[in-house]
Amino acid sequence: METRLPNTVRPAFDAHERDDTVIVNIGPSHPATHGTVQIIAELDGERVLRTDIHPGYLHRGFEKECESHTWHNLIPYVDRLNYVSALINDFAYCEAVEKLMGIEITPRCRYLRTLLSEYSRLVDHLTCVAAGLMELGAMTAFLYLVMIRDFMYEHLAALTGARVTYTYGRIGGVARDLPDGWLTRLKEILTQYEDFVGRVHGLVDRNRIFIDRMRDVGTITTAVALDYGYTGPILRSTGAPRDLRKDTPYLAYAELDFDVPVGIKGDNYDRYFVRMREMDESVYMMRQLMDMLPAGPINVDDRRCVLPEKDLVYTEIESLINHFKVIMDGPKVPAGEVYSAHESPNGELGFYLVSTGEGVPWKVHVRAPSFVHMGGAHKMLDGFQLADIVPTFGSINMIGGECDR
Amino acid sequence: MAAGILDRVAEALAPDATSAGVAHGILVLTLPPEALLPVVRRLKSELGFDLFLDVTAVDWMPQAPRFEVVWHFYSTQHHVRVRLKTRVPEADPVVDSLLPLYGAASFMERECHDMYGIGFRGNADLRPVLLYEGFVGHPLRKDYPKEQEQPLVPYRS
C-alpha cells in the first residue's frame with residue numbers, strides 16, 4: 001500500500017495507523033473552511049482518527065517588523081492581527097504601552113474604549129456565527145447577520161474612516177471623538193440587531209438539522225480546554241465562567257452589570273449559543289455605557305506620546321518640534337517589560353512588550369488566542385466525522401491574521 | 001486580594017528563584033534553568049496556576065548569556081499571573097519542555113523554536129509551525145537581518 005502522503009509538507013505522521021485507513025490533506029486553501037490552514041487527517045471510512053494541523057500560511061513576520069518601527073507606527077499593524085475586531089487589538093496594545101509609560105487615560109476615553117470594545121466583540125461574534133451558519137447551508141441566517149454587521153461596519157467607518165482596520169487607538173487616547181448623531185444611530189442599529197438576531201434564533205435554535213450537526217459534535221471538556229490553554233468562548237462553552245472582564249476588570253468593566261454566559265458540554269452547539277448570548281450581553285453593556293459616557297478630553301495631556309493640535313503645529317515652533325519628535329523618533333517608552341491582556345472575542349489577547357527606553361520596541365510578542373486554540377484543535381476534531389471538521393473549525397473561529405502573525 | 005496571593009506564591013517559590021518582584025501586577029521570578037520544571041510543577045499542582053499562557057524568548061545580544069526565555073502563567077482560581085524568566089547561552093540554548101505538564105506547550109514551544117532556535121528538552125516534535133521546512137535561520141534573533149532572503153525550497157508535488 002502507498003504510504004506516502006499526497007502532500008509531504010511537514011507531516012506529523014506519514015505511516016498509516018492501520019492498513020485500512022486513508023490519509024487525506026485538507027487545505028490550506030479549501031472552499032469549505034474559513035482561514036488558511038492545512039489539516040492532515042487519517043480517516044477510517046468517514047470517521048476522523050487523528051489530525052495534524054498546520055497553521056502559518058499567513059505568517060508575515062509581524063513581530064520582526066515591530067522591532068524596526070516606532071511604538072506609534074505599530075497601531076496599524078496590530079489592527080491586522082484579529083482583523084474582525086481590530087479595535088480590541090488597538091486598545092489592548094495601547095494599554096500595554098500606557099502601562100509601561102505610567103499613563104492613566106481620561107475618563108471619557110476609558111468609557112469610549114469600553115463601548116467600542118464591546119461593539120467590536122459584537123461584530124466579531126456576528127461574523128463567526130454567520131460564517132458558521134453559512135457553512136452549514138443556513139443562507140438566510142447568514143444574510144440577516146451579515147446585513148446587521150454591515151450596518152455596524154459603515155457606522156464604525158463614520159467614526160474611524162475605515163470599515164475593518166480602523167487604526168483608531170492612540171497611545172494615551174483615541175484618534176478622534178464621536179461625530180454628531182453617532183450614538184443616536186448606534187441605538188437604531190442595536191434595535192435592528194435585536195430584531196434580526198431574534199429571527200436567527202427562531203430559524204436555527206430548535207432546527208433539527210442544525211441540532212444534529214452541532215449537538216455533541218466537537219466536544220471538549222473543561223480539563224482538556226485548560227490543559228491546552230483555551231480561553232474565551234471555547235472555555236466558557238465547557239461550563240467554566242472564566243472571563244477577564246469579570247476576573248481582572250480593566251477599562252470600565254468593573255462598573256458594568258453583565259453576565260458571563262456558559263455552556264453545558266462544550267460542543268459546537270454550546271459555542272454557538274455562548275456567542276449568541278455574549279452578543280446580547282455586549283448590547284446590554286453598550287446601552288449602559290451610552291448613558292455613562294462622560295464629557296471631557298479624549299486624550300491625556302502628555303507630550304511624550306500625544307500629538308499637539310494641528311493649528312499649534314503650524315503656528316508655534318515648540319509644537320512643531322514636538323510633533324516632529326513624536327513622529328520621527330517615536331514616543332520614548334521607559335525601559336521595562338509588561339504583559340497586558342484583554343478579553344478579545346476569541347479569548348485572552350496578551351501583549352508582551354519589552355522596551356529598552358527607545359522610541360522603537362526591543363520586542364513585541366502577541367499571545368494570540370487563535371494560535372493557542374490551533375494547538376489543541378485536534379482534540380475537537382478527532383473521533384468525529386470528516387464533515388464535522390467544517391462546523392467545528394468554524395466554531396473555533398480561527399483568525400489567520402492573529403494565529404500566524 | 002491579588003497582592004496577598006502573589007506574596008504567598010513569591011514566598012513559596014523564593015528559595016528556587018534568584019530574584020522575585022511584582023511588576024505591573026505580575027509576579028516576576030528569575031530562575032536558573034534547572035529550577036524551571038520543579039517550580040512549574042509546584043505552580044500547577046500546589047498554587048493553582050492551571051493555565052499556561054505563553055512562552056517566548058528575548059534576544060539580548062550582545063549580552064551573555066544571550067537569550068532570556070519567558071513563560072507566563074495564569075490562575076483561573078486566583079485571577080493572577082506569574083512570569084518566569086531564565087537565561088540560556090547562545091552555545092546551548094536549551095530549556096526543559098513543559099509538555100509533561102501542559103498540552104498547550106506543544107505549539108508554543110514549536111513557535112519559540114522557530115523564531116529563536118530555543119531547544120526544549122523533552123519535546124520531540126519541534127517541527128516548524130509558523131515557518132516551513134527548509135527555512136534557514138531563526139528570524140526573531142537580532143542578528144537575522146529583516147531583508148534576508150531564503151533559499152528556494154524544492155517543488156513538492
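Start by selecting strand E3 of chain B, residues 51-59: nine of its nine residues are buried, so the strand counts as mostly covered. Keep in mind as you click around that this is a predicted model.

Now add strand E4 of chain B, residues 67-74. It runs antiparallel to E3(B), and eight bridges join the two. Want to see some of the pairs? Pick Ala57(B) and look across to its bridge partner, Val69(B). Val58(B) is partnered with Glu68(B), and Asp59(B) stands opposite Phe67(B). If you wonder what holds such neighbours together, strands of a sheet pair through backbone hydrogen bonds, either parallel or antiparallel.

Stay with E4(B) for a moment. How many of its eight residues are buried? Seven of them are, which leaves E4(B) mostly covered too.

Next, bring in strand E5 of chain B, residues 81-88. E4(B) and E5(B) also pair in the antiparallel sense, again over eight bridges. Go back to Phe67(B) and you'll find Val88(B) of E5(B) opposite it. So Phe67(B) has a residue to look at in each direction: Asp59(B) and Val88(B). Follow the chain between E4(B) and E5(B) and you're in a hairpin with six residues between the strands. Click on His79(B) in that turn, where phi is positive, at about 60°.

Time to zoom out and show the whole sheet. It is an open sheet of five strands in chain B, ordered E1-E2-E5-E4-E3, and the pairing is mixed. Which strands stand at the edges? They are E1 (19-23) and E3 of chain B; each has a single partner strand, so one side of each lacks a neighbour in the sheet. Ignoring direction, neighbouring strands here are turned by 20° against each other on average.

Two helices come next. Select helix H2 of chain B, residues 36-45, which packs on the sheet and touches E2 (26-31), E4 and E5 of chain B. Its direction makes about 175° with that of E5(B). Then select helix H3 of chain B, residues 105-116: this helix packs on the sheet as well, touching E3 and E4 of chain B, and its direction makes about 10° with that of E3(B).

Before leaving chain B, colour it by pLDDT. The average is 86, and 97% of the residues score at least 70. Confidence is highest in E4(B), at 92, and lowest in helix H1 of chain B (residues 2-13), at a mean of 74. For the model, ipTM is 0.90 and pTM is 0.89.

Now show chain A as well and look at where the chains meet. Here 34 residues of chain A are in contact with 30 residues of chain B. Several elements of chain A each supply at least two residues of the side that touches chain B, including helix H1 (62-66), strand E7 (347-355) and helix H14 (369-376). Highlight H14(A) in particular, as it gives the largest share of that side, five residues. Colour that side of chain A by residue type and you'll get eleven nonpolar, twelve polar and eleven charged residues.

Last stop: the largest nonpolar core, with 157 residues. Those with the most contacts inside it are Tyr93(A), Val97(A), Leu353(A) and Phe73(B). Helix H4 of chain A, residues 107-135, provides the largest share of this core, 13 residues. Finish by centring on Tyr93(A): leaving aside neighbours within four places in sequence, Tyr93(A) is in contact with Leu74(A), Ile75(A), Val78(A), Gly169(A) and Phe351(A).

Methods:
Residues numbered from 1 in each chain as written. Chains lettered and ligands numbered in written order. Predicted model: local features only at pLDDT ≥ 70, side-chain atom pairs only at ≥ 80, totals over all residues. Buried ≥ 20, exposed ≤ 12 C-beta atoms within 10 Å, placed from the backbone. Helix = DSSP H or I, 4+ residues; strand = E, 2+ residues; numbered from the N terminus. Pairing = 2+ DSSP bridges. Axes fitted to C-alpha atoms, helices over the stretch in contact; angles between N-to-C directions. Contact = placed C-beta atoms within 7 Å. pLDDT = per-residue confidence, 0-100. Nonpolar A, V, L, I, M, F, W, Y, C, P; charged D, E, K, R; others polar. Core = buried A, V, L, I, M, F, W, Y, C linked by C-beta atoms within 7 Å.
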